[in-house]
Every structure is written in structure tokens, then in C-alpha cells.
Amino acid sequence: MRGDDAAGLEAVRLWQRKHARTAGRTDVRAAIVEEPGLELLDLLDGVDAAILVDAVCSGAAAGTLHQIDLNELSDFREGPASAHSWGVVEVLRLGGALHLQSAQRAIRLLGIEAEQMEIGAGLSDPVAGALPAACNAIENEVTALLQG
Amino acid sequence: MKTIEVPAMARVEGEGGLYIGLQSGEAVEIRLDIYEPPRFFEGFLRGRFLQEVPDITARICGICPVAYQMSSALALENALGVSVSAEVRALRRLMYCGEYIESHALHMYMLQAPDLFGKESAFELAEMEPETVKKALRLKKIGNELLKAIGGRSVHPVNVCVGGFYSWPDGTVLKAMLPELTWGLEAAMQAVKWSTTLHYPKLEINYEFVALHEEKEYGLMGSEVWSSRGRKLAIRDYEKTYIEEHVRHSNALHSHTVDGGTYLVGPLARLNLNHDQLAPIAKQALKEAGIKLPLKNPYKSFIARAVELVQFFKEAIDIVQAYAPAGPAHMELDLKAGEGCGASEAPRGTLYHRYQIDDHGLIQSAKIVPPTAQNLPRIEADLFAMAPALVVMPEAAATRQAEDLVRAYDPCISCATHFLKLKMEERDSSCK
């Protein structure tokens with residue numbers, strides 16, 4: 001992995017361990033995907049709502065948690081200008097341009113502010129320290145969606 | 001001096017910039033500045049066990065991992081004197097079909113098509129031609145699903161090993177893909193016709209095309225390297241004729257022929273050299289679309305990719321229909337010291353590997369020559385050829401046309417920067 005780029009994966013894995021009852025429900029599916037790119041649109045197909053958990057770069061302090069709706073994404077820098085590794089912003093924008101139903105779902109984003117994305121590096125201390133809060137945020141989001 | 005500068009190219013994989021310096025109507029300097037950081041794969045492969053190599057080298061690229069897995073497996077099998085079964089060879093071709101489908105669909109529709117339609121991005125193209133982009137997504141998904149069915153996942157698949165595969169994929173899953181593969185074949189046939197209706201900038205170059213060649217199949221993992229200048233080499237002689245060198249402005253090595261010339265690998269080279277080996281339906285697509293070979297316009301690699309989509313959808317259907325694996329999924333390996341080389345055709349062109357191993361199967365040295373690195377001097381040469389036309393254009397148009405040319409090559413810059421020669425020199429204390 002590349003440093004804090006693993007933040008989303010690690011947060012979801014922690015949530016699956018700490019909140020196994022919620023994570024194990026038949027109406028809840030967790031997909032850990034390293035580089036979904038355009039596949040994100042397929043992953044969202046057929047679901048009623050989704051929470052995307054990923055590392056983000058917005059200039060905030062490393063480890064900051066951002067819980068936002070899709071329409072607030074303009075605050076975040078887009079990823080590299082190549083469809084070889086499109087990020088969430090670009091893919092959902094494409095889905096919107098195509099009027100795909102998968103891009104119209106209720107989508108919440110949980111972003112964990114990254115400090116570094118060095119090849120071969122592990123998580124930075126601030127991001128590792130943010131994982132328990134991220135785990136709890138995931139549980140709260142999922143619970144709210146299930147109750148909604 | 002007029003300059004055309006694109007500090008960071010869009011819609012190419014990896015990070016690189018373009019610089020063209022023009023003076024008195026002539027290009028005086030052209031550089032593809034590859035500043036994607038070097039990645040040192042050849043270095044850190046040393047000491048690894050040979051079975052780790054396919055999985056490690058797959059990480060060189062997220063779009064063409066299969067190419068790295070196949071080239072590395074072929075090279076290491078060559079070192080050990082191992083021949084795989086016909087079933088393994090067929091499954092390897094099927095896996096390659098998946099990679100070609102997803103890579104070509106992505107490049108054609110999301111990366112190059114916006115240029116051909118005069119759009120800035122795939123988003124604009126999606127707004128203008130939503131059904132075209134939806135088709136592209138469906139095509140790419142088929143390729144990804146095929147990779148997932150065989151390799152366990154589409155990005156950096158995990159089922160390839162030296163000697164074959166760790167396990168046979170589930171035939172039920174593969175055969176369930178036949179309806180989508182059939183749809184994809186028809187979509188690819190239409191893509192060939194559509195590709196001939198698009199407007200391509202005028203540029204014709206007498207390239208030396210280079211590609212692997214097989215007598216009975218469209219060249220993917222052939223034993224010979226052919227060139228349009230008449231060279232026909234065994235793979236073991238590749239490095240004697242196609243030579244890498246370091247250039248100052250690039251973190252990727254550049255390649256030249258032994259006589260100092262540039263050459264072109266990729267879909268144009270494959271189609272021009274190997275069209276006799278195309279499946280009948282792909283030949284039919286060529287004929288019905290009125291395509292005359294050889295294609296010498298780099299922008300028309302789009303057409304070549306469309307024809308290859310037909311080829312690989314057809315092969316995928318045939319292999320899946322016949323799939324009935326028998327025997328072990330991989331050969332047992334008797335480890336011994338030695339050296340081996342192997343090559344396969346990545347979607348972007350010939351990918352060559354060479355390894356030395358010790359008698360424990362540990363890598364002693366590695367050499368990886370990716371297709372994009374081989375094409376870099378050719379891209380710069382194409383830009384020199386285009387320079388007289390660029391000089392008389394408004395700067396924005398000239399910049400766009402130069403960028404479009406680079407994108408037509410579908411460069412994979414992350415692949416190209418896998419290696420850098422590093423020299424460390426100790427200076428005395430009087431030096432500043």
C-alpha cells in the first residue's frame with residue numbers, strides 16, 4: 001500500500017472486527033476494494049445506500065475525519081487526471097453525467113485526512129490514531145441508514 | 001523561441017510532461033519529461049524467490065498486470081526448462097483476452113475518444129455521447145470480470161504462478177460469461193466500423209514496427225520477435241537488437257535498435273505484422289470497414305485497438321466454450337541455477353523480461369523492458385515530424401495536437417519508470 005492510502009481499508013476492517021454484528025447482517029455488505037476506479041459504479045449497482053470510506057486530501061490536519069454528502073465533494077482535490085486510477089470524485093461525476101442509477105444512490109463519504117502516501121510505508125501516526133473514531137463513525141452511519 | 005509546454009499530461013497513466021521548443025520554424029528540442037519517480041523493481045526483486053516474481057511485477061501496473069505476470073512466468077520457465085500444458089497456455093491466453101478487453105476499452109473510449117471528438121475529458125464525451133461511454137463501461141466490466149474469474153481479482157490478479165496457475169478457475173463462472181462475451185464481440189465489430197468514421201490528424205510515419213509473432217495464432221506469447229524491417233529474432237536475442245539507455249530528462253529508460261534507430265511496439269505493430277494470424281471474424285471486420293494495411297498513422301492505433309477487441313472477444317468465446325481443464329493447474333518445478341528470458345505482448349506492446357536465478361530459485365538479477373519505455377524515443381520522433389505543422393498553428397491548438405499524439409500511444413508511464421540506474425559518488429570535502 002502507499003502509506004495513508006490504506007486508511008479506508010483499515011477503518012473498515014476495524015469496524016468489521018469491532019462491530020461484527022452489524023457487519024454480519026445480511027442486508028449490509030462491505031466491499032474492500034483497493035482501486036475500484038470505474039468499478040465503483042458497478043459496486044454501487046443494486047444497493048439502496050452506500051458509505052464510502054477512503055483517504056482524502058483537503059489540507060486539513062492529518063487524521064481529521066470528514067463525514068460528508070456527495071454534493072459537498074467540491075471541497076476535495078480530484079485525483080490524478082487519468083482514468084487509469086480515477087478516484088471517487090471523478091467516477092461519481094461520470095456516473096452522474098451518464099445518469100446512471102448507481103451514481104444516484106444516497107452516498108455518504110467518510111474521509112480520513114492523509115498525511116503521507118509513500119510507497120511501502122504504513123499508516124502515519126495521526127491516521128492510525130484516527131481509526132477508532134473512524135470505526136465508530138462507520139457504525140453510526142450504517143445504523144442511521146438501517147433505521148432510516 | 002516559441003515553446004509548447006504541458007507540465008502535466010492529462011489522460012495518460014502516470015506522471016509526465018511534454019516540452020517542445022520551436023525556433024525559426026523548426027523544432028530544436030522535444031522532451032517527454034518523465035518525472036514519475038523511479039520504482040526500482042529490478043533492484044528489489046533480487047533475493048526474492050521466483051514464485052514471488054509474478055505477483056511482485058504485477059504491481060508495476062494496475063492496467064496491465066497480466067502482461068507482467070506472463071512475461072515473468074515465461075522468462076522463469078525458460079530458465080528452468082519448463083514447458084506448460086496446452087490447457088495452461090489456453091488459460092493464459094484467456095486471461096490476456098480479459099486484460100486486452102479492459103485496457104483497450106478504457107483507452108479507446110475514455111482516453112483517446114475525447115480527443116477525437118474535440119472534448120477535454122471523458123466527462124464531456126459522456127454528456128455528448130452517453131450511450132458510447134456506457135458501452136465502454138460495459139466492455140471494460142467484461143474484461144475485469146474475466147480477469148476476476150481467472151485471477152481472483154481484476155487488479156493485480158493472484159492466480160498466476162511460474163509453471164501455470166495455482167488453481168483451475170471455476171468453469172461454471174466462465175461459461176456464465178458467454179452471453180456478455182457474445183454481446184462484446186458484436187459491440188467490438190461495431191467499434192471497428194465506428195473507428196473508421198472518426199477524424200484523425202494527418203501524420204504518416206515509416207515506422208520500424210516490432211512485435212512478437214506466432215505462426216498459428218495472433219502473437220501474444222510468441223517465440224519470435226519480428227520487425228517490419230525484416231528482422232526475425234529469437235526472444236533470447238532481444239537485447240542484442242533492442243537496446244535500453246538512460247536519458248537525462250527521463251526517469252524511464254529509452255530504447256533504440258542496434259543501428260541507432262527508433263521503433264514502435266503496440267497495436268499498430270501487432271496488427272501490421274500479424275494480420276494474417278487474425279481470426280476470420282477479425283479479418284472480416286477489417287475488410288467490411290475498408291481498412292487498408294499497413295496503418296502508419298499513430299492516431300489510428302485507435303482502429304488497431306478496435307480490431308484487437310474483435311480478436312480477443314472471439315478468442316475468449318472460443319476458449320471459454322472449450323474450457324474443460326484436466327490435469328494439474330501447474331507444473332512442478334525442479335529448481336536449478338540458470339538464466340532465462342521471456343516476452344509477451346502487453347496491450348501497449350512487447351514486454352521483455354530476463355532473470356538469473358540460483359539453485360534455490362532466488363533471483364540474482366532481473367531485467368524488465370516495458371513497451372512504453374521502448375516507444376518513448378518514437379513518440380519524441382513523431383513530435384519532431386509533426387513540428388512543421390505545429391509551428392503554424394495557434395499555440396492552444398498546437399499544444400492540444402501534440403498532447404493528443406502522446407495519448408494515442410496509450411503510454412503507461414508507471415510501467416516505464418520501473419528502473420533507474422543509480423550512481424552514488426563520494427566527493428571530497430573541498431567540493432561545494
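Two residues are in contact when their C-beta atoms, placed from the backbone, lie within 7 Å. In chain B of this predicted model, contacts between residues at least 6 apart in sequence can be sorted by that separation, and 72% of them join residues at least 24 apart. The secondary structure of chain B consists of 15 helices and 13 strands. Of its 432 residues, 51% count as buried.

One of these helices, α8 of chain B, covers residues 178–195. Its 18 residues reach 25 Å from the first C-alpha to the last, which is close to the 26 Å expected at 1.5 Å a residue. Buried positions occur along α8(B): B:Leu181, B:Gly184, B:Leu185, B:Ala187, B:Ala188, B:Met189, B:Ala191, B:Val192 and B:Ser195. In an α-helix there are 3.6 residues a turn, so residues three or four places apart point the same way. The cover over the buried residues of α8(B) includes four other helices of chain B, namely α4 (86–116), α6 (130–151), α11 (280–288) and α12 (301–322).

Two of those covering helices, α11 and α12 of chain B, also frame a loop that contains B:Pro294. The peptide bond between B:Leu293 and B:Pro294 is cis, with omega at about 5°. A second loop of chain B, between α14 (395–408) and α15 (413–416), holds B:Asp410. The phi of B:Asp410 is near 55°, a positive value in a residue other than glycine. Both local features depart from the general pattern, in which most residues other than glycine have a negative phi and most peptide bonds are trans. Is B:Asp410 buried or exposed? B:Asp410 counts as buried because it has 29 C-beta neighbours inside 10 Å, where 20 or more are required.

Attention now turns to chain A. Here 3 strands form an open sheet with mixed pairing, in the order β1-β3-β2. At the edges of this sheet are β1 (49–56) and β2 (65–69) of chain A, each of which pairs on one side only. From one strand to the next, the twist averages 20°. Strand β3 of chain A, residues 106–113, pairs with β1(A) in the parallel sense over 8 bridges. Within β3(A), A:Gly111 stands opposite A:Asp54. Helix α5 of chain A, residues 125–147, packs on the sheet and touches β1, β2 and β3 of chain A. The direction of α5(A) makes about 170° with that of β3(A).

Technical notes:
Residues are numbered from 1 along each chain as its sequence is written. Chains are lettered from A and ligands numbered from 1 in the order in which they are written. This is a predicted model: local features need pLDDT of at least 70, side-chain atom pairs count only at pLDDT 80 or more; totals for chains, interfaces and linings use all residues. Helices (H or I, at least four residues) and strands (E, at least two) are DSSP runs, numbered from the N terminus. The expected span of a helix is 1.5 Å times one less than its number of residues. A residue is buried if 20 or more other C-beta atoms lie within 10 Å of its own, exposed if 12 or fewer, and partly exposed in between; C-beta atoms are placed from the backbone. Two strands pair if DSSP finds at least two bridges between them. Axes are lines fitted to C-alpha atoms, for helices over the stretch in contact, and angles run from 0 to 180 degrees between N-to-C directions.
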